[in-house]
Amino acid sequence: MAQLLSSSCSLAFSSTNKPCLKPFNQCSTSFSNTVGCDNSRTTFRRLYLREQKQMKRFAVVNASTVSTGQEAPVQTSSGDPFKPKRVMVIGGDGYCGWATALHLSNKGYEVAIVDNLVRRLFDHQLGLDSLTPISSIQDRIQCWKSLTGKSIELYIGDICEFEFLSETFKSYEPDAVVHFGEQRSAPFSMIDRSRAVYTQQNNVIGTLNVLFAIKEYREDCHLVKLGTMGEYGTPNIDIEEGYITITHNGRTDTLPYPKQASSFYHLSKVHDSHNIAFTCKAWGIRATDLNQGVVYGVRTDETAMHEVLCNRFDYDAIFGTALNRFCVQAAVGHPLTVYGKGGQTRGFLDIRDTVQCIELAIANPANPGEFRVFNQFTEQFQVNELANLVTKAGEKLGLDVKTISVPNPRVELEEHYYNCKNTKLVDLGLRPHFLSDSLIDSLLNFAVQYKDRVDTKQIMPGVSWRKVGVKTKTVSS
Ligand SMILES: O=c1ccn([C@@H]2O[C@H](COP(=O)(O)OP(=O)(O)O[C@H]3O[C@H](CS(=O)(=O)O)[C@@H](O)[C@H](O)[C@H]3O)[C@@H](O)[C@H]2O)c(=O)[nH]1
């Protein structure tokens with residue numbers, strides 16, 4: 001299967017937001033140069049359909065029992081008990097998606113990855129790279145198969161192309177769709193106008209297409225959508241899980257919690273949430289919006305099984321997130337980059353908990369027409385606290401860790417109240433891996449192991465929320 005797919009067309013996006021249908025190795029990796037590619041849709045479609053047919057033949061069915069979660073009291077529209085088995089992981093080649101695809105496969109679900117590989121293209125365009133070397137998706141899947149005997153189906157294409165998505169849906173017939181397939185970096189969305197437009201178009205249209213595909217081809221399918229804690233912003237009151245009960249002029253209602261996103265990326269997730277909520281009401285879609293916090297860590301039980309399965313680990317100022325970045329900075333002797341006063345508080349979670357949360361959401365599906373919102377994080381930290389934890393862990397390893405205050409490139413409160421609810425996933429059985437000294441030690445050791453791969457030019461932030469303009473930036477952040 002991997003061989004079949006490696007000869008196929010991979011989609012790259014162009015700044016016109018039309019997919020480029022040239023084979024991946026013939027695509028220019030420059031952001032602006034992808035515009036002129038000849039979109040040979042008919043050839044692509046023929047190749048694609050042929051592959052789908054062959055993939056069906058090669059696919060090994062792995063149906064087995066779901067090992068985690070309570071028995072779901074949920075039914076299909078025909079009244080039978082709804083037991084999800086076939087899961088489609090959109091964005092399954094990315095940081096959270098890859099770890100999740102392997103975890104679900106390990107737990108006995110049949111898994112298909114849908115991905116257009118654009119995350120790899122972003123790295124080429126911006127001159128970035130993962131701290132860890134990562135194998136091609138085909139090699140990853142082949143390695144997983146040889147280690148465990150479990151097959152993962154692979155569909156390479158862009159979900160913004162409805163034709164591709166609908167063929168994929170009809171071919172795979174998922175019971176659950178986990179949707180990670182979005183541009184997920186706030187700084188990326190603030191580089192320039194074209195990245196802002198790309199982020200919102202890709203994210204909002206992609207999700208809308210998934211909703212239409214569920215309605216049209218798979219009405220019982222449960223959508224498990226990755227949202228973000230950043231949808232709520234930092235209000236001066238407690239943050240609830242999705243909804244808040246308000247009494248106004250003597251009348252009371254439970255309403256969606258107010259949204260105050262602070263980047264074009266975070267806003268795209270708000271727009272998604274509104275579209276999903278509407279289609280749950282209007283069409284009876286079952287959906288869970290997982291408002292995830294900042295993820296840290298790299299190893300999960302499955303990705304640690306072989307170096308070919310190793311996950312990506314971003315430390316640059318565009319895709320790297322706070323704690324992962326601080327560990328790499330400490331490993332290479334770069335001062336920790338606290339933006340502004342460092343009093344920014346966020347919800348955080350270990351990547352091992354990301355995969356657990358997704359599994360719990362799938363095993364306990366929403367009811368038809370229900371729009372559930374779970375806040376997916378395990379602990380809250382201020383950025384300064386994280387810097388202190390990394391400094392202390394660095395001392396134990398003999399590293400001299402310094403911290404600097406970098407003028408904040410973002411527009412955000414640097415000191416604020418923050419208190420978020422996060423009980424729903426715990427109620428479903430989440431057993432969190434809290435941030436411990438030993439985890440920071442092992443992350444630091446991991447960063448030290450790969451420190452020769454660090455490009456220190458990628459560490460300082462170069463994207464400014466205030467200076468974002470219409471001119472396309474073709475060089476790194
Ligand atoms: O070197 C750094 C990097 C970040 N920060 C600060 O750390 C906080 C978090 O920033 P981040 O880059 O770690 O995370 P963020 O941009 O918020 O986005 C990440 O975390 C989000 C969850 S949340 O933050 O919205 O809860 C996800 O949705 C995104 O996909 C993921 O990239 C911000 O206040 C930022 O200013 C620093 O002080 N120094």
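1. A good place to start is Asn 249: at 73% relative accessibility it counts as exposed, because the cut-off for that class is over 50%. This residue sits in the loop that joins strand S8 (243-248) to strand S9 (251-256). Please keep in mind while reading that the model is predicted.

2. The backbone of Asn 249 deserves a look too. Its phi is positive, about 50°, although the residue is not a glycine. For background, most residues other than glycine have a negative phi.

3. Glu 173 is another residue to check on your Ramachandran plot. Here phi is near 55°, again a positive value in a residue other than glycine. Glu 173 belongs to the loop between helix H6 (162-172) and strand S6 (176-179), and the positive phi comes just after H6. With 42% relative accessibility, Glu 173 counts as partly exposed, because that class lies between the 20% and 50% cut-offs.

4. How much of H6 is buried? Eight of its 11 residues are, so the helix is largely enclosed by the rest of the structure. The buried set holds the aromatic residues Phe 164, Phe 169 and Tyr 172, along with Leu 165, Ser 166, Glu 167, Thr 168 and Ser 171.

5. Now to the ligand, which you may want to keep on screen for the remaining points. There are 23 residues around the ligand, and those that come nearest are Arg 184, Tyr 265, Ala 322, Thr 337 and Glu 412. By character, the shell divides into nine nonpolar, nine polar and five charged residues.

6. Which residues place polar atoms by the oxygen atoms of the ligand? A polar side-chain atom of His 266 lies 3.1 Å from a ligand oxygen. For Arg 325, an N or O atom in the side chain is 2.9 Å from an oxygen atom of the ligand. Tyr 339 takes part through its backbone, where a polar atom is 2.9 Å from a ligand oxygen.

7. On its own the ligand has 730 Å² of accessible area, and the protein covers 95% of that. Three elements each give two or more residues to the shell around the ligand: helix H9 (264-283), helix H10 (322-332) and strand S12 (336-339).

8. To bring the backbone points together, the two loop residues to revisit are Asn 249, which is exposed, and Glu 173, which is partly exposed. For the ligand, the contacts to revisit include those of His 266, Arg 325 and Tyr 339.

Note on methods:
Residues are numbered from 1 along each chain as its sequence is written. This is a predicted model: local features need pLDDT of at least 70, side-chain atom pairs count only at pLDDT 80 or more; totals for chains, interfaces and linings use all residues. Side-chain values use heavy atoms; hydrogens and water are left out. Helices (H or I, at least four residues) and strands (E, at least two) are DSSP runs, numbered from the N terminus. Buried means under 20% relative accessible area, exposed over 50%, partly exposed in between (1.4 Å probe, protein chains only). A residue is near a molecule or strand if one of its heavy atoms lies within 4 Å of it. A polar contact is a pair of N or O atoms within 3.5 Å; within protein, one must be able to donate a hydrogen and the other to accept it, and residues adjacent in sequence count only if both atoms are side-chain atoms. Accessible areas come from the Shrake-Rupley method with a 1.4 Å probe; for residues, only the protein chains shown count as cover. Ala, Val, Leu, Ile, Met, Phe, Trp, Tyr, Cys and Pro count as nonpolar, Asp, Glu, Lys and Arg as charged, and the others, Gly among them, as polar.
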